[in-house]
Amino acid sequence: MLFVITCGVNEIKDQFPSGSWELRHHPLRDEWVVISAHRQGRPWLGDRVEHGPGEIPVFDSTCYFCPGNPRVSGVVNADYQQVFVFDNDHPCVAMDAPEPGPPANPLYHSQPARGVSRVVCFSPQHNMTMAEMSAKDIDAILLVLQEQFAELAALDTVNHVLMFENKGPVVGVSNPHPHGQIYATSFVFKHIENEVRQSRAHFQQTSRVLLADILDAETADGRRIIWEDEDSLVFIPWFARYAHEVFIAPRKTYPHIHALPDATRRSLAEALRVTLIKLDNLWRMPFPYIMTFHQAPTDGAEYPYFHFHIEFQPPLRQPNLLKYLAGPEIGGGNYLNDTTPEATAAGLKAQAEIHYRHE
Ligand SMILES: [Zn+2]
(Lines give C-alpha, C1' and ligand atoms only; values in the text may rest on other atoms or scores of the structure.)
Protein backbone atom coordinates (compact mmCIF):
# COMPACT_ATOMS: atom_id res chain seq x y z
CA MET A 1 0.00 0.00 0.00
CA LEU A 2 2.82 2.33 0.97
CA PHE A 3 4.56 1.50 -2.32
CA VAL A 4 1.49 2.52 -4.31
CA ILE A 5 1.31 5.94 -2.60
CA THR A 6 5.03 6.65 -3.15
CA CYS A 7 4.67 5.72 -6.77
CA GLY A 8 1.81 8.20 -7.15
CA VAL A 9 3.90 11.06 -5.73
CA ASN A 10 6.76 10.27 -8.10
CA GLU A 11 4.37 10.26 -11.03
CA ILE A 12 3.16 13.71 -10.08
CA LYS A 13 6.76 14.97 -9.79
CA ASP A 14 7.59 13.58 -13.23
CA GLN A 15 4.49 15.01 -14.81
CA PHE A 16 4.87 18.55 -13.48
CA PRO A 17 8.34 20.06 -13.86
CA SER A 18 9.66 22.25 -11.07
CA GLY A 19 7.94 25.61 -10.93
CA SER A 20 4.82 24.65 -12.86
CA TRP A 21 2.70 23.91 -9.80
CA GLU A 22 3.53 25.87 -6.65
CA LEU A 23 2.67 28.83 -4.45
CA ARG A 24 4.78 31.94 -5.13
CA HIS A 25 4.81 34.85 -2.71
CA HIS A 26 4.06 38.29 -4.23
CA PRO A 27 6.36 40.64 -2.26
CA LEU A 28 4.65 43.88 -3.36
CA ARG A 29 1.24 42.61 -2.23
CA ASP A 30 2.18 40.14 0.51
CA GLU A 31 -0.07 37.45 -0.89
CA TRP A 32 0.27 34.00 -2.45
CA VAL A 33 -0.10 33.41 -6.17
CA VAL A 34 -1.05 29.87 -7.16
CA ILE A 35 1.02 28.89 -10.20
CA SER A 36 -0.99 26.05 -11.71
CA ALA A 37 0.36 25.71 -15.23
CA HIS A 38 -0.67 22.07 -15.35
CA ARG A 39 -4.27 23.25 -15.77
CA GLN A 40 -3.71 25.32 -18.92
CA GLY A 41 -4.99 22.63 -21.27
CA ARG A 42 -8.17 21.88 -19.35
CA PRO A 43 -11.37 21.70 -21.38
CA TRP A 44 -13.21 24.96 -21.80
CA LEU A 45 -16.86 25.30 -22.76
CA GLY A 46 -17.39 28.93 -21.74
CA ASP A 47 -17.43 32.18 -23.67
CA ARG A 48 -14.92 32.86 -26.38
CA VAL A 49 -13.88 36.39 -27.18
CA GLU A 50 -14.17 37.18 -30.86
CA HIS A 51 -11.98 39.78 -32.54
CA GLY A 52 -13.34 40.61 -35.97
CA PRO A 53 -10.96 42.63 -38.14
CA GLY A 54 -13.54 45.48 -38.48
CA GLU A 55 -12.13 48.47 -40.35
CA ILE A 56 -11.85 51.46 -37.98
CA PRO A 57 -11.89 54.94 -39.57
CA VAL A 58 -9.19 57.56 -38.90
CA PHE A 59 -11.94 59.99 -37.85
CA ASP A 60 -15.38 59.17 -36.44
CA SER A 61 -17.91 62.02 -36.30
CA THR A 62 -19.77 60.28 -33.44
CA CYS A 63 -16.64 59.84 -31.26
CA TYR A 64 -16.41 62.00 -28.13
CA PHE A 65 -12.61 61.96 -28.33
CA CYS A 66 -11.98 62.87 -31.98
CA PRO A 67 -10.73 66.45 -32.65
CA GLY A 68 -13.43 69.07 -33.18
CA ASN A 69 -16.30 66.82 -32.04
CA PRO A 70 -18.81 67.86 -29.35
CA ARG A 71 -18.84 65.78 -26.17
CA VAL A 72 -21.74 64.73 -23.90
CA SER A 73 -21.28 67.95 -21.90
CA GLY A 74 -21.71 70.04 -25.06
CA VAL A 75 -18.08 71.20 -24.93
CA VAL A 76 -16.35 70.93 -28.31
CA ASN A 77 -12.94 69.21 -28.42
CA ALA A 78 -9.98 71.29 -29.56
CA ASP A 79 -8.66 70.60 -33.03
CA TYR A 80 -5.66 68.93 -31.40
CA GLN A 81 -2.63 67.53 -33.20
CA GLN A 82 -0.91 65.25 -30.66
CA VAL A 83 -2.10 64.68 -27.06
CA PHE A 84 -5.29 66.16 -25.64
CA VAL A 85 -6.40 66.27 -21.99
CA PHE A 86 -9.85 67.22 -20.73
CA ASP A 87 -11.91 66.86 -17.55
CA ASN A 88 -13.98 63.66 -17.62
CA ASP A 89 -17.63 64.37 -18.43
CA HIS A 90 -18.60 61.47 -16.14
CA PRO A 91 -16.23 62.06 -13.21
CA CYS A 92 -15.90 59.52 -10.40
CA VAL A 93 -14.32 62.24 -8.25
CA ALA A 94 -14.67 66.01 -8.59
CA MET A 95 -13.59 69.09 -6.66
CA ASP A 96 -17.24 70.11 -6.19
CA ALA A 97 -18.49 66.66 -5.13
CA PRO A 98 -21.24 67.05 -2.50
CA GLU A 99 -20.64 66.90 1.25
CA PRO A 100 -22.10 63.59 2.45
CA GLY A 101 -24.72 63.59 5.18
CA PRO A 102 -23.93 62.17 8.63
CA PRO A 103 -23.58 58.37 8.60
CA ALA A 104 -26.52 56.40 9.95
CA ASN A 105 -24.21 54.43 12.27
CA PRO A 106 -20.97 55.50 14.02
CA LEU A 107 -19.36 52.31 12.64
CA TYR A 108 -19.57 53.72 9.11
CA HIS A 109 -17.50 56.62 7.78
CA SER A 110 -17.86 58.71 4.66
CA GLN A 111 -16.06 61.55 2.90
CA PRO A 112 -16.87 63.70 -0.11
CA ALA A 113 -15.66 62.06 -3.37
CA ARG A 114 -13.18 64.90 -4.02
CA GLY A 115 -10.53 64.95 -6.69
CA VAL A 116 -10.03 65.39 -10.42
CA SER A 117 -10.94 62.93 -13.19
CA ARG A 118 -9.37 63.51 -16.58
CA VAL A 119 -9.22 61.83 -19.96
CA VAL A 120 -5.99 61.82 -21.99
CA CYS A 121 -6.41 61.26 -25.72
CA PHE A 122 -3.13 59.77 -26.92
CA SER A 123 -3.60 60.71 -30.58
CA PRO A 124 -6.02 62.64 -32.79
CA GLN A 125 -6.33 59.49 -34.93
CA HIS A 126 -9.40 57.47 -33.98
CA ASN A 127 -7.91 54.18 -35.26
CA MET A 128 -4.44 54.55 -33.70
CA THR A 129 -3.19 52.47 -30.77
CA MET A 130 -0.08 53.07 -28.68
CA ALA A 131 1.30 49.81 -30.11
CA GLU A 132 1.55 51.45 -33.52
CA MET A 133 2.98 54.79 -32.38
CA SER A 134 6.60 55.86 -32.65
CA ALA A 135 8.68 56.07 -29.48
CA LYS A 136 8.71 59.85 -30.02
CA ASP A 137 4.90 60.01 -29.99
CA ILE A 138 4.71 57.76 -26.91
CA ASP A 139 7.27 60.01 -25.23
CA ALA A 140 5.02 62.99 -26.00
CA ILE A 141 2.24 61.22 -24.04
CA LEU A 142 4.59 60.58 -21.10
CA LEU A 143 5.67 64.22 -21.15
CA VAL A 144 2.03 65.34 -20.90
CA LEU A 145 1.50 62.87 -18.04
CA GLN A 146 4.51 64.35 -16.24
CA GLU A 147 2.93 67.80 -16.53
CA GLN A 148 -0.43 66.47 -15.38
CA PHE A 149 1.18 64.81 -12.38
CA ALA A 150 2.91 68.03 -11.32
CA GLU A 151 -0.30 70.04 -11.63
CA LEU A 152 -2.56 67.54 -9.85
CA ALA A 153 -0.14 66.46 -7.12
CA ALA A 154 0.19 70.11 -6.08
CA LEU A 155 -3.51 70.27 -5.14
CA ASP A 156 -4.13 70.03 -1.38
CA THR A 157 -7.06 67.67 -1.84
CA VAL A 158 -5.05 65.25 -3.95
CA ASN A 159 -3.14 62.51 -2.09
CA HIS A 160 -2.57 60.18 -5.00
CA VAL A 161 -2.56 60.33 -8.81
CA LEU A 162 -3.68 57.15 -10.58
CA MET A 163 -2.89 57.03 -14.30
CA PHE A 164 -4.14 54.10 -16.37
CA GLU A 165 -5.31 52.85 -19.72
CA ASN A 166 -8.10 50.30 -20.17
CA LYS A 167 -7.74 48.84 -23.64
CA GLY A 168 -10.19 46.65 -25.51
CA PRO A 169 -13.87 45.70 -25.37
CA VAL A 170 -13.13 42.82 -22.96
CA VAL A 171 -12.13 45.36 -20.30
CA GLY A 172 -15.22 47.43 -21.04
CA VAL A 173 -13.86 49.96 -23.55
CA SER A 174 -16.13 50.12 -26.55
CA ASN A 175 -14.60 53.28 -28.10
CA PRO A 176 -11.34 52.36 -29.89
CA HIS A 177 -10.03 55.96 -29.80
CA PRO A 178 -6.70 55.64 -27.91
CA HIS A 179 -7.02 57.19 -24.48
CA GLY A 180 -6.04 56.85 -20.86
CA GLN A 181 -7.48 58.25 -17.67
CA ILE A 182 -6.27 60.08 -14.60
CA TYR A 183 -7.92 59.85 -11.18
CA ALA A 184 -6.33 62.34 -8.80
CA THR A 185 -7.96 61.43 -5.51
CA SER A 186 -8.08 62.34 -1.84
CA PHE A 187 -7.56 58.66 -0.99
CA VAL A 188 -4.70 56.36 -1.95
CA PHE A 189 -5.70 53.39 -4.10
CA LYS A 190 -5.48 50.05 -2.32
CA HIS A 191 -2.77 48.41 -4.47
CA ILE A 192 -0.53 51.43 -3.96
CA GLU A 193 -1.24 51.39 -0.23
CA ASN A 194 -0.14 47.73 -0.14
CA GLU A 195 3.02 48.49 -2.12
CA VAL A 196 3.85 51.40 0.17
CA ARG A 197 3.43 49.20 3.25
CA GLN A 198 5.52 46.35 1.82
CA SER A 199 8.21 48.67 0.42
CA ARG A 200 8.46 50.58 3.70
CA ALA A 201 8.86 47.37 5.72
CA HIS A 202 11.56 46.12 3.32
CA PHE A 203 13.36 49.48 3.51
CA GLN A 204 13.27 49.47 7.32
CA GLN A 205 14.66 45.92 7.44
CA THR A 206 17.29 46.16 4.68
CA SER A 207 17.76 49.88 3.82
CA ARG A 208 17.02 48.77 0.27
CA VAL A 209 14.22 49.48 -2.20
CA LEU A 210 11.95 46.46 -2.70
CA LEU A 211 11.26 46.96 -6.40
CA ALA A 212 14.96 47.63 -7.08
CA ASP A 213 15.72 44.31 -5.37
CA ILE A 214 13.08 42.65 -7.56
CA LEU A 215 14.80 44.14 -10.64
CA ASP A 216 18.12 42.69 -9.40
CA ALA A 217 16.52 39.29 -8.85
CA GLU A 218 14.97 39.31 -12.33
CA THR A 219 18.25 40.42 -13.92
CA ALA A 220 20.19 37.70 -12.07
CA ASP A 221 17.72 35.03 -13.23
CA GLY A 222 17.20 36.44 -16.71
CA ARG A 223 14.51 34.00 -17.87
CA ARG A 224 11.61 36.42 -17.49
CA ILE A 225 13.24 39.51 -19.03
CA ILE A 226 11.58 40.56 -22.27
CA TRP A 227 13.55 43.68 -23.17
CA GLU A 228 16.10 45.99 -21.55
CA ASP A 229 18.35 48.93 -22.18
CA GLU A 230 20.62 51.10 -20.06
CA ASP A 231 17.74 52.85 -18.25
CA SER A 232 14.83 50.40 -18.10
CA LEU A 233 13.76 46.81 -17.83
CA VAL A 234 10.69 44.92 -19.16
CA PHE A 235 9.85 41.60 -17.52
CA ILE A 236 7.13 39.28 -16.26
CA PRO A 237 7.84 38.93 -12.54
CA TRP A 238 8.41 35.52 -10.96
CA PHE A 239 5.23 36.09 -8.89
CA ALA A 240 2.97 37.14 -11.83
CA ARG A 241 -0.74 36.75 -11.23
CA TYR A 242 -1.75 36.99 -14.91
CA ALA A 243 -0.33 35.06 -17.88
CA HIS A 244 1.14 38.21 -19.47
CA GLU A 245 1.51 40.47 -16.45
CA VAL A 246 4.33 42.63 -17.81
CA PHE A 247 6.18 45.11 -15.58
CA ILE A 248 8.11 48.03 -17.07
CA ALA A 249 10.45 49.80 -14.67
CA PRO A 250 13.27 52.31 -14.74
CA ARG A 251 16.45 50.78 -13.30
CA LYS A 252 16.83 53.66 -10.86
CA THR A 253 14.31 54.53 -8.16
CA TYR A 254 12.00 57.50 -8.78
CA PRO A 255 8.77 57.94 -6.79
CA HIS A 256 6.56 59.01 -9.71
CA ILE A 257 6.53 59.92 -13.39
CA HIS A 258 7.32 63.58 -12.79
CA ALA A 259 10.64 62.68 -11.15
CA LEU A 260 11.92 60.84 -14.25
CA PRO A 261 14.85 62.48 -16.05
CA ASP A 262 14.27 63.06 -19.79
CA ALA A 263 16.57 60.20 -20.85
CA THR A 264 14.77 57.74 -18.57
CA ARG A 265 11.37 58.90 -19.82
CA ARG A 266 12.52 58.38 -23.42
CA SER A 267 13.80 54.91 -22.51
CA LEU A 268 10.42 54.04 -20.97
CA ALA A 269 8.69 55.26 -24.14
CA GLU A 270 10.82 52.83 -26.16
CA ALA A 271 10.16 50.08 -23.58
CA LEU A 272 6.41 50.71 -23.93
CA ARG A 273 6.62 50.68 -27.73
CA VAL A 274 8.46 47.35 -27.86
CA THR A 275 6.24 45.77 -25.18
CA LEU A 276 3.01 46.78 -26.90
CA ILE A 277 4.22 45.53 -30.29
CA LYS A 278 5.23 42.18 -28.80
CA LEU A 279 1.87 41.83 -27.04
CA ASP A 280 -0.02 42.58 -30.30
CA ASN A 281 2.27 40.26 -32.28
CA LEU A 282 1.80 37.37 -29.85
CA TRP A 283 -1.64 36.47 -31.18
CA ARG A 284 -1.67 38.92 -34.11
CA MET A 285 -4.53 40.93 -32.65
CA PRO A 286 -4.92 44.19 -30.68
CA PHE A 287 -3.98 42.91 -27.23
CA PRO A 288 -6.43 44.00 -24.51
CA TYR A 289 -5.03 45.10 -21.18
CA ILE A 290 -5.27 47.27 -18.11
CA MET A 291 -2.09 49.33 -17.79
CA THR A 292 -1.46 51.23 -14.56
CA PHE A 293 1.31 53.59 -13.49
CA HIS A 294 2.31 52.77 -9.92
CA GLN A 295 3.32 56.03 -8.22
CA ALA A 296 3.98 57.13 -4.66
CA PRO A 297 1.23 59.01 -2.81
CA THR A 298 1.29 62.81 -2.99
CA ASP A 299 0.20 63.45 0.60
CA GLY A 300 3.26 65.48 1.53
CA ALA A 301 5.24 62.57 3.04
CA GLU A 302 8.54 61.32 1.56
CA TYR A 303 8.60 57.91 -0.15
CA PRO A 304 12.29 57.18 -0.87
CA TYR A 305 11.49 53.45 -0.99
CA PHE A 306 8.74 53.70 -3.61
CA HIS A 307 9.92 52.81 -7.12
CA PHE A 308 7.80 54.10 -10.02
CA HIS A 309 6.82 51.37 -12.48
CA ILE A 310 4.17 50.41 -15.01
CA GLU A 311 2.11 47.22 -14.70
CA PHE A 312 0.00 45.45 -17.29
CA GLN A 313 -2.83 43.14 -16.30
CA PRO A 314 -4.07 41.60 -19.58
CA PRO A 315 -7.32 39.66 -19.15
CA LEU A 316 -6.79 36.99 -21.83
CA ARG A 317 -5.15 33.67 -20.96
CA GLN A 318 -5.25 32.35 -24.51
CA PRO A 319 -5.99 34.13 -27.82
CA ASN A 320 -9.75 34.01 -27.45
CA LEU A 321 -10.15 32.96 -23.85
CA LEU A 322 -10.87 35.41 -21.10
CA LYS A 323 -9.41 34.74 -17.68
CA TYR A 324 -12.42 35.00 -15.42
CA LEU A 325 -11.77 36.35 -11.96
CA ALA A 326 -13.94 34.15 -9.79
CA GLY A 327 -13.95 32.30 -6.46
CA PRO A 328 -10.21 32.32 -5.69
CA GLU A 329 -9.54 35.86 -7.00
CA ILE A 330 -12.71 37.82 -6.23
CA GLY A 331 -14.08 35.60 -3.51
CA GLY A 332 -10.85 34.63 -1.80
CA GLY A 333 -8.46 37.41 -2.85
CA ASN A 334 -5.62 35.25 -4.26
CA TYR A 335 -4.83 34.65 -7.92
CA LEU A 336 -4.49 31.44 -9.90
CA ASN A 337 -2.06 31.72 -12.80
CA ASP A 338 -2.57 28.92 -15.35
CA THR A 339 0.84 29.55 -16.93
CA THR A 340 4.41 29.86 -15.73
CA PRO A 341 5.87 33.37 -16.00
CA GLU A 342 9.02 31.73 -17.45
CA ALA A 343 7.09 30.30 -20.40
CA THR A 344 4.99 33.38 -21.15
CA ALA A 345 8.02 35.69 -20.90
CA ALA A 346 9.94 33.48 -23.34
CA GLY A 347 6.96 33.59 -25.70
CA LEU A 348 6.83 37.39 -25.60
CA LYS A 349 10.58 37.83 -25.90
CA ALA A 350 10.55 35.74 -29.09
CA GLN A 351 8.14 38.17 -30.80
CA ALA A 352 9.41 40.57 -33.45
CA GLU A 353 9.81 44.26 -32.65
CA ILE A 354 7.95 45.29 -35.82
CA HIS A 355 4.16 45.44 -35.52
CA TYR A 356 2.38 42.71 -37.52
CA ARG A 357 0.27 45.30 -39.33
CA HIS A 358 3.42 47.00 -40.60
CA GLU A 359 5.28 43.88 -41.77
ZN1 LIG B 1 -12.23 59.19 -32.03
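How many bridges join strand 9 to strand 11, and in which sense do they run? I looked that up before anything else, bearing in mind that this is a predicted model. I found 2 bridges between strand 9 and strand 11 (residues 309-313), and the two run antiparallel. I then looked for a residue pair and got Ile248, whose bridge partner in strand 11 is Ile310.

**Strand 9, other neighbour**

I turned to strand 8 (232-235). Strand 8 pairs with strand 9 in the antiparallel sense, over 4 bridges. Ser232 has Pro250 of strand 9 as its bridge partner.

Next I checked where the side chains of strand 9 (residues 247-250) go. Phe247 and Ala249 point one way, while Ile248 and Pro250 point the other way. Are these four buried or exposed? I noted all of them as buried.

**Core**

Ile248 turned up again when I pulled the largest nonpolar core, which has 71 residues. Ile248 is listed there with Leu152, Val161, Val234 and Leu272 as the members that touch the most other members. Which helix gives the most to this core? My note says helix 5, with 8 residues.

I picked Leu152 for a contact list, skipping its neighbours within four places in sequence. Leu152 is in contact with Val116, Val158, Val161, Ile182 and Ala184. Of these, Val161 is also on the list of core members with the most contacts to others.

**Helix 7**

I went through helix 7 (residues 341-349) for burial and wrote down Pro341, Thr344, Ala345 and Leu348 as buried. Why do they line one face of the helix? Looking down the axis of helix 7, I see its buried residues within an arc of 100°, so they share a face. The spacing fits a textbook point: an α-helix has 3.6 residues a turn, so residues three or four places apart point the same way.

What do these buried residues pack against? I logged strand 7 (225-228), strand 8 and helix 5 (262-283). Helix 5 is thus on my page twice, here as a packing partner of helix 7 and above as the helix that gives the most to the core.

**Open sheet**

Last, I opened the sheet of 3 strands, which has the order 1-2-14 and mixed pairing. Strand 1 (21-26) and strand 14 (335-337) are at the edges with a single partner strand each, so each has one side without a neighbour in the sheet. The twist averages 30° from one strand to the next. Strand 1 pairs with strand 2 (residues 31-36) over 6 bridges in the antiparallel sense, and I have His25 opposite Trp32 of strand 2.

Definitions and conventions:
Residues numbered from 1 in each chain as written. Predicted model: local features only at pLDDT ≥ 70, side-chain atom pairs only at ≥ 80, totals over all residues. Pairing = 2+ DSSP bridges. Axes fitted to C-alpha atoms, helices over the stretch in contact; angles between N-to-C directions. Buried ≥ 20, exposed ≤ 12 C-beta atoms within 10 Å, placed from the backbone. Arc of directions from axis to C-beta. Contact = placed C-beta atoms within 7 Å. Core = buried A, V, L, I, M, F, W, Y, C linked by C-beta atoms within 7 Å.
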